[in-house]
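Hello,

Here is the structure to be handed over. Notes on what was found follow below it.

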2 protein chains.
Amino acid sequence: MKSQKELSKTDHSTEDKIKNAARLIFHKKGYAATRTRDIAEEAGINLALLNYYFRSKEKLFDIIMLESLQGFLHSIKEVFNNEETSLENKIETLVSNYIDLLIEQPDIPLFLLSELRNNPNELVSKINIKQVLMNSYFIKQFKHAMNDGIIATMNPLHFIMNILGMTVFPFIASPILKSLSDISPADFEDLMNQRKILIPNWIKGMLIV
Amino acid sequence: MKSQKELSKTDHSTEDKIKNAARLIFHKKGYAATRTRDIAEEAGINLALLNYYFRSKEKLFDIIMLESLQGFLHSIKEVFNNEETSLENKIETLVSNYIDLLIEQPDIPLFLLSELRNNPNELVSKINIKQVLMNSYFIKQFKHAMNDGIIATMNPLHFIMNILGMTVFPFIASPILKSLSDISPADFEDLMNQRKILIPNWIKGMLIV
DNA sequence: GATTTTTTTAATCATTTGATTAAAATATTT
DNA sequence: AAATATTTTAATCAAATGATTAAAAAAATC
């Protein structure tokens, strides 16, 4: 089990050291609350180096943001466009993969959602999430099963909201959930691991005609 | 249907004008990204007045934060401790109330979750969410029904995560969801209103033994 | 209506913070 | 080894930003 910091791939080059530090702090505090000096300190470099390599805070942020978003979508892409697996299998794999990802990097969802909130972000259109998700093989399978009466009729958006809501929300709300009961971080992780099995079962229950 | 701004209760007094402006901007941009000058401009007052009435940005923020958190918990409190209603009824009421609340004030969840993320917040302990939720009549009913074999066995936390996840998450992720498909804000609101019926049904499905 | 208190304003301060610059240190090339 | 290019640093700048102050305006009190 590696810590967030150790996890940061080989920071051999100075550029990587800065990027890894930036990722860590941006993810934890968001753009506005992050000081370039904090990044420099975390990276163990002089502040001027940050601007030497990345020109500005904003450009550095854009790089981190793009990579984070791509990384987060990568899991979905992989699963959604696999033409070999069943609908059920996709649900199981998606939930399980995401819970693993979120246990490792619990700050990612709140980071992404906060930063995408207002920004008239070209990123979202750049990445073309719509194409990736709504035109995926997974959605085709889903619609097909609906037409064949195998699963209940439902707007696919409801379906996606339910999967993501049940999977991602606990991590977003973990500070509150942890204070709700007296669960330790280890207990919380156990609960999340239980959900790898539970969520797919609940989801399947929603699909029964 | 009032806009967020008009909704702001009677800003008769200067103090109220400032608080309402602060609430609007803090909710939308978060603490770090908010400039006291923006609040002053939104309130239509001189910047010095903000400090005259509230001493500092931080003190003003603390007031808004406390009120927002209390407001958000108020809905739960009301429903959870009603000893007249059934478990099913509580679920329906809670989901319906929250969806109404979130349609009116969609910025609240991301605001609360972002700001509570790191802060070693005394607020959370001050408000004592634990007492409100985990020792509520609702949880008693839930545990009782489990013991009697009326509903499936499940950690109550899973149950709360599922209700809140399915209810709140779509609003947090709405910027992305809206770009996912081509739904208009009106379409989105329709979807959310559908969920007032759908979510309680899905939840009940999870509880079947 | 004069006096005192409260509210509001314009101007300014001090600190923070993103960014730059010129020089030093290090690495690379010739 | 000398010359050149690259990387790093310390010092500093300029703008943004939270906060204060002293004076003006308005309201309340006598």
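**Domains of chain A, and DNA strand C**

Eleven residues of domain 1 of chain A are in contact (heavy atoms within 4.5 Å) with nine residues of domain 2 of chain A. The model is predicted: local features need pLDDT of at least 70, side-chain atom pairs count only at pLDDT 80 or more, and totals for chains, interfaces and linings use all residues. Residues are numbered from 1 along each chain as its sequence is written, chains are lettered from A and ligands numbered from 1 in the order in which they are written, and side-chain values use heavy atoms, with hydrogens and water left out.

Domain 1 spans 1–55 and domain 2 spans 65–207, with bounds from an automatic or database domain assignment. Their centres, taken over C-alpha atoms, are 28 Å apart. Two salt bridges (a side-chain nitrogen of Lys or Arg within 4 Å of a carboxyl oxygen of Asp or Glu) are counted between the two domains. One salt bridge joins the side chains of A:Lys19 and A:Glu67, at 2.5 Å from N to O.

Around DNA strand C there are 16 residues (a heavy atom within 4 Å of the strand), and the closest are A:Arg35, A:Thr36, A:Arg37, A:Lys57 and B:Tyr53. Of the strand's atoms that come within 4 Å of the protein, sugar and phosphate account for 54%. An N or O atom in the side chain of A:Arg37 is 2.7 Å from a base nitrogen of DNA strand C. For B:Asn46, a backbone N or O atom lies 3.2 Å from a phosphate oxygen of the strand.

Regards

Key
A polar contact is a pair of N or O atoms within 3.5 Å; within protein, one must be able to donate a hydrogen and the other to accept it, and residues adjacent in sequence count only if both atoms are side-chain atoms.
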